[in-house]
Amino acid sequence: MTRPLPLESYTWPPSNEELAARVGLTPSDMIRFDGNVPAAPPASARPAALARALADVNEYDRGRHEPLRRAIAKYHGLDVAQVALGAGSDEFIVLLARIFANGGTVATVPSRSYSMYRYAAIMAGATMVDDPSRADLVFVCRPNNPTGELVDVPDVAGQLVIDEAYAHYAGVDALDHLERGAIILRTFSKAFGLAGARVGYALASTQSIEVITSRQAPLSVSTLSAALALAAIATPPDVSEQVAERERLARELTELGLEPVPSFTNFLFVPMPNPSDLVERLLPYGLVTRAFGDGWRVSVRDEVDDDVLLDALRAELRGATPSSALVRHRRATAETILRVRLRPRGEGRVYVATGEGFYDHMLSQLAFHGGMDLRLEGVGDLETGDHHLVEDMMRAFGEALDRALGDRRGIARYGEARVPMDEAIAHAVVDLSGRAVSELDIDPDPGMATHAFESLAQTARITLHVTASGRNAHHVAEAAFKAVGRALAAAMTPSGSLVRSTKGSL
Ligand code: PMP
C-alpha cells in the first residue's frame, strides 16, 4: 500500500494570539477584518439557548435535528425533505465535489471565486476547468467571495451548485433554480452570526437531498450547534444596518483613494497592486485584513470597528494623527454576555444596549457626560430580574475603564462634579486611586443605582463618593450618573507625565 500524501488544502490565516505576538499587542486588541462575519453574535446566542441541549448532551439526536430542518424549510417555503444539514456549508462543498465530480471536472462562476471549490476539486481528484459549459460540476458563488459582485446564474449541463453564503446581504435567492435541479448552499456563519457553531445547509429536490444525505456522516451537526441555529432562525437576521454601514465604509474608502468594487456582501474588495503591503502596515494597529493576488479585501464590521480601520488608513495613507486606542473587553458568564469598546477620552459617541432600558440609559448618561466613546452591547438573564445584568454591565464597563487607565500615569487623578436634575441634585467625587472604595448615599434609589456604582468602583479600582437626593428616583439616579461621568472626565484630564502620588505609583 502507498501511504497517502497531504493535499494542497485550505489554510487558515494566523490566530489573534500569533498575530498579536508578532506586533506586540494583546490578542483581544486584534480586530478581524478577514473573516466576513458580523462584529457580534446574535442576541439569541445565550447560555439559556443551550440549556436543553446540555441536559441531553449524552444522547444522539435520532431525528437528525428535525425541528431545525423544519424551521429552515419554513423559512424558505420548502418541504422539510428538501433540507440537509451539515457542519458548515464547507461540508457540502467537499461532499458535492466528491459526488458529482469524482475524477471529473469542476468550474466556478465567476472564474475567480472562493478557494474551497478548488480544494474540494483536489480532494475529489477532479480538474478545474475554465469553461462552465464543459464541467461536471459548477459552483456559482452568488454573491461572490472575494469580489462581492453578483453574477447571473448560468445555464449549464453539469450539476449546478449555487453558494448563497452571502445572499442575505444581496437580498436575493435562487430558489427558482431548484426545479431545474440546482443545489443551493446556505450557512449560519454569516448573516446569522454563528460561524463558530459550524452549521450550514443544502436546499435541493427531495431526490437530491436523499443522494446527499446518504453520503454524509450520520450526524455531523452537534446538538449544541443545532440549538443555537434553531434559536437564531426564530428571528431571521435584519442586515439593513450592515448594508448601510457597507455603503458608508465604501464611500469613506473611496475618499481615501481606495476604490472598492460595488459589493452585494458584507465585505469590500479593492483592486490594487501589492495588497500585502497594506495588510502588513495595518497589522501594528491590530487590524487584520486580507490580501489576494490583485486586491485587498476587508469585512464590514460595525461603525466603531470600521472607524478604527479608517483612522489607521488615514494615518498610513494621509499622515493623519491616529485617535487614542480603543479598549476592547468581553465579559461572559452563565448569566450575561457583554462586549465593551471604550475610549475614555473620546467625543461622547455612546451606544449602550443590553435590553435593560433604564440602566442602559443611565450608563449612557455617565459615558456621554464623561466625554467617552463607549459601545456596550450584550444580553442577560432578564427573566430573573435586572440584578445580574445591571451589575455585570457596570462590572464590564469598570473592567474596561481599569484597563484603559493602565498605570494611571499623566492624568489629574482627582475629579469632582455637582449636577442638578430638576428637583434632584447629585455630588460625585472620584479618585483614580487604584483602591476600590465606594461611599454612596443615593436617596431615593430607583433600585440598582447604589449597587451599580459599587460594582463600578470595585472593578475600575477607584474611590467613589456619591451623594444624591431629590423626590423623583429617576431624577436622582440620572443626576448621580451624570455627576460620576463628569467627575471621571475631570480625573482623567491629562496632567504632566507622572503618577499623581508622592509614592510614585498607585
Ligand atoms: N461559501 C463561501 C462563498 C464562503 O465565503 C464561505 C466562508 N468563508 C463558505 C461557503 C463556508 O462557510 P461555512 O462553512 O462557515 O458555512
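Proline 146 has its place in the loop between β5 (137–141) and β6 (159–163), and in this predicted model the peptide bond that joins asparagine 145 to proline 146 is cis, with omega at about 15 degrees. A cis peptide bond also runs from valine 109 to proline 110, where omega is near -5 degrees, and proline 110 likewise belongs to a loop, the one between β3 (105–109) and α5 (116–123).

These loops are set in a protein chain whose secondary structure comes to 15 helices and 22 strands. The C-alpha trace of the chain spans about 75 × 50 × 45 Å along its principal axes, and 47% of its 506 residues count as buried. Of the contacts in the chain with a separation of 6 or more, 69% are accounted for by residues that stand 24 or more positions apart.

The backbone deserves attention at two arginines as well. Arginine 198, which is not a glycine, nevertheless has a positive phi of about 60 degrees, and it is placed in the loop between β7 (183–187) and β8 (200–203). Arginine 198 counts as buried because it has 20 C-beta neighbours inside 10 Å, and the cut-off for that class is 20 or more. Arginine 461 also shows a positive phi in a residue other than glycine, here near 55 degrees, and is found in the loop between α14 (449–460) and β21 (463–469). With 19 other C-beta atoms within 10 Å, arginine 461 is therefore partly exposed.

Among the helices, one packing arrangement can be followed residue by residue. Helix α12 (residues 357–369) packs with helix α15 (residues 473–491) at an angle of about 30 degrees, their axes being 7 Å apart, and the crossing of the two is right-handed. On the α12 side, the residues that take part are Met362, Gln365, Leu366, Ala367, Phe368 and His369, and they meet Ala477, Glu478, Phe481, Lys482, Val484, Gly485 and Arg486 in α15. Sorted by class, this contact of α12 with α15 has seven nonpolar, three polar and three charged residues.

The surroundings of the ligand complete the tour. There are 13 residues around the ligand, and of these Gly88, Asp90, Ala165, Thr187 and Ser189 come nearest. By class, the shell around the ligand has four nonpolar, seven polar and two charged residues.

Terms used:
Residues are numbered from 1 along each chain as its sequence is written. This is a predicted model: local features need pLDDT of at least 70, side-chain atom pairs count only at pLDDT 80 or more; totals for chains, interfaces and linings use all residues. Helices (H or I, at least four residues) and strands (E, at least two) are DSSP runs, numbered from the N terminus. A residue is buried if 20 or more other C-beta atoms lie within 10 Å of its own, exposed if 12 or fewer, and partly exposed in between; C-beta atoms are placed from the backbone. Two residues are in contact if their C-beta atoms, placed from the backbone, lie within 7 Å. Axes are lines fitted to C-alpha atoms, for helices over the stretch in contact, and angles run from 0 to 180 degrees between N-to-C directions. A crossing is left-handed if the near helix is turned anticlockwise from the far one by less than a right angle, and right-handed if clockwise. Ala, Val, Leu, Ile, Met, Phe, Trp, Tyr, Cys and Pro count as nonpolar, Asp, Glu, Lys and Arg as charged, and the others, Gly among them, as polar. A residue is near a molecule or strand if its C-beta atom, placed from the backbone, lies within 6 Å of it.
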